[in-house]
Amino acid sequence: MSRVFNFSAGPAVLPEEVLREAADEMLDYKGTGMSVMEMSHRSGAFDTIIKEAEQDLRDLMGIPSNYKVLFLQGGAHLQFSMIPMNLMKHGTADYIVTGHWAERAWKEAARYGKANCIASSKDKNYSYIPDCSDLPIDEEADYVYICQNNTIYGTQFHTLPNTKGKDLVADVSSCFLSEPIDVERYGLIYGGAQKNIGPAGVVIAVIREDLITEEVYPQTPTMLKYKTHADKDSLYNTPPAYGIYICGKVFKWLKRQGGLGEIEKKNHQKAALLYGYLDQSRLFVPTAEKSSRSYMNVDFVTGDKELDAQFVKEAEAAGLSGLKGHRSVGGMRASIYNAMSLKGVEALVGFMEEFEKAHRK
């Protein structure tokens, strides 16, 4: 069976080049006589893998030397707890709630201190990013938290909030490495790998070193302290070794594409093609407000739930997989991450054109 165009929100499409490399090395990684799946995380071979992965990520993002790179486990959900446990030094944090995952993070933080919701777009089902130029930042807040790209609702921060000097913490799970960013504008950046970087099971956190201290929430378990992992270079316990290996291959693939500036151009080209069609369509309607649209996750509906379901079914049969929208929005969602080719988006738009001709009233 030939490969489909995979528009799933996560776990999501990976570069075919990377998958072929991993397949070639499945039984024997570089003469070791074993797979990376079988390899000790204390071995010299894996030490090279994880160190190269970190250096390639630093190169891609321009990560300054005073930031630590941690390869962790537990998904983004565990970071909802680890962040307040480690960073809420004075018991207060501000949250900008622009979707389901930001809301979960905010509610989780309230277990460990005072978590303020200082801006929200819930009034319009998270279809936009609120104005964050003059927020009511709490003077006692230790950080301001955002989910930079909202996978479910197809919205994205195109301008970072004015945090008035407070550290910015960002969940970038679904836009990780999709464009260049200024790392120094953040205190902590983190994301699950399964959307735009690698397989499920790895969480990458980039944290400014001064935020990594022993001063944490009193009941914080050893494994949930950033310092535990920072002091051991992500090897305090057995890490998600195979996932890190695949992430490392994706980092090298991104470098071969020309880096984040080039990948951003490709992502904008794909998004422009899809949104351009949606904006002139008489059947399909994008759900996110134009100024807040995500370049990674494109949500759209027909306004008829039965027709939406028919579209998803027929698209799947045509080799366009993973287009069913999240229940919070309904309709369809095309996740066009770094590894989704322009050819895949062209195929989707072509299918949508034919579907519209057949069903437009």
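# Notebook: strands, helices and three single residues

I began with strands β12 and β14, which pair in the antiparallel sense over four bridges. The model I am reading is a predicted one. For a pair of facing residues I looked up Asp-299, which stands opposite Arg-333 in β14.

Next I looked for the rest of this sheet. I found three strands in an open sheet, in the order β11-β12-β14, with antiparallel pairing. β11 (285-286) and β14 stand at the edges with a single partner strand each, so one side of each has no neighbour in the sheet.

**Entry: helix α8**

I turned to α8, which runs over residues 305-317 and has 13 residues. From its first C-alpha to its last I noted 19 Å, close to the 18 Å expected at 1.5 Å a residue.

Which residues of α8 are buried? I listed Leu-307, Asp-308, Phe-311, Val-312 and Ala-315. These buried residues lie on the same side of α8, because they cover an arc of only 140° around the axis. I wrote the general rule beside this: an α-helix has 3.6 residues a turn, so residues three or four places apart point the same way.

I then looked at the face of α8 turned away from the buried side, and there I found the exposed residues Glu-306, Lys-313 and Ala-317.

What covers the buried residues of α8? The cover includes β12 (297-301), β13 (320-321), β14 (332-335) and α9 (342-359). Two of the sheet strands I had looked up, β12 and β14, are thus included in the cover of this helix.

I checked the ends of α8 last. At the N-terminal end Asp-304 acts as a cap, with a side-chain oxygen 2.9 Å from the backbone nitrogen of Glu-306. After the helix comes Gly-319, and I noted that its phi is positive, near 85°.

**Entry: strand β3 and helix α4**

I moved to β3 and asked how many of its six residues are buried. The count is six of six, so I put the strand down as mostly covered by the definition of buried, under 20% relative accessible area. On one side of β3 I found Thr-92, Asp-94 and Ile-96, and on the other Ala-93, Tyr-95 and Val-97, with both faces covered. The general rule for this is that in a regular strand the side chains alternate between the two faces of the sheet.

I looked up the partners of β3. Six bridges join β3 to β4, and the two run parallel. Within this pairing, Val-97 has Ser-120 of β4 as its bridge partner. From β3 the chain crosses through α4 to β4, and I recorded this β-α-β crossover as right-handed. β3 is also joined to β5, by two bridges, and this pair runs parallel as well. Here Tyr-95 stands opposite Tyr-145 in β5.

For α4 (residues 100-109) I listed the buried residues as His-100, Ala-102, Glu-103, Ala-105 and Ala-109. They pack against α3 (75-87), β3 (92-97), β4 (114-120) and β5 (143-147).

**Entry: Ser-173**

I found Ser-173 in the loop between β8 (167-171) and β9 (188-192). Is Ser-173 buried or exposed? Its relative accessibility is 7%, and therefore Ser-173 counts as buried.

I followed its side chain to two polar partners. One is the side chain of Asp-171, at 2.7 Å, and the other is the backbone nitrogen of Gly-192, at 3.0 Å. Leaving out residues up to four places away in sequence, I listed its contacts as Ala-76, Tyr-190, Gly-191, Gly-192, Lys-195 and Asn-196.

**Entry: Asn-125**

Asn-125 lies in the loop between β4 and β5. At 40% relative accessibility, I entered Asn-125 as partly exposed. Beyond its neighbours within four places in sequence, Asn-125 is in contact with Tyr-153, Ser-328 and Val-329.

**Entry: Asn-6**

My last residue was Asn-6, which lies in strand β1 (residues 5-6). I noted that a polar atom of its side chain lies 3.0 Å from the backbone nitrogen of Ser-8. Which residues does Asn-6 contact, leaving aside its neighbours within four places in sequence? I listed Ala-12, Val-13, Ser-321, Ser-335 and Met-340. I also looked up Ala-339, 333 residues from Asn-6 along the chain, and found the two C-alpha atoms separated by 9.6 Å.

Notes:
Residues numbered from 1 in each chain as written. Predicted model: local features only at pLDDT ≥ 70, side-chain atom pairs only at ≥ 80, totals over all residues. Heavy atoms only, no water. Expected span 1.5 Å × (residues − 1). Buried < 20%, exposed > 50% of the residue type's maximum accessible area, 1.4 Å probe, protein only. Arc of directions from axis to C-beta. Contact = heavy atoms within 4.5 Å. Polar contact = N/O pair within 3.5 Å; in protein donor to acceptor, adjacent residues only side chain to side chain. Pairing = 2+ DSSP bridges. Right-handed = clockwise from strand over helix to strand, strands pointing away.
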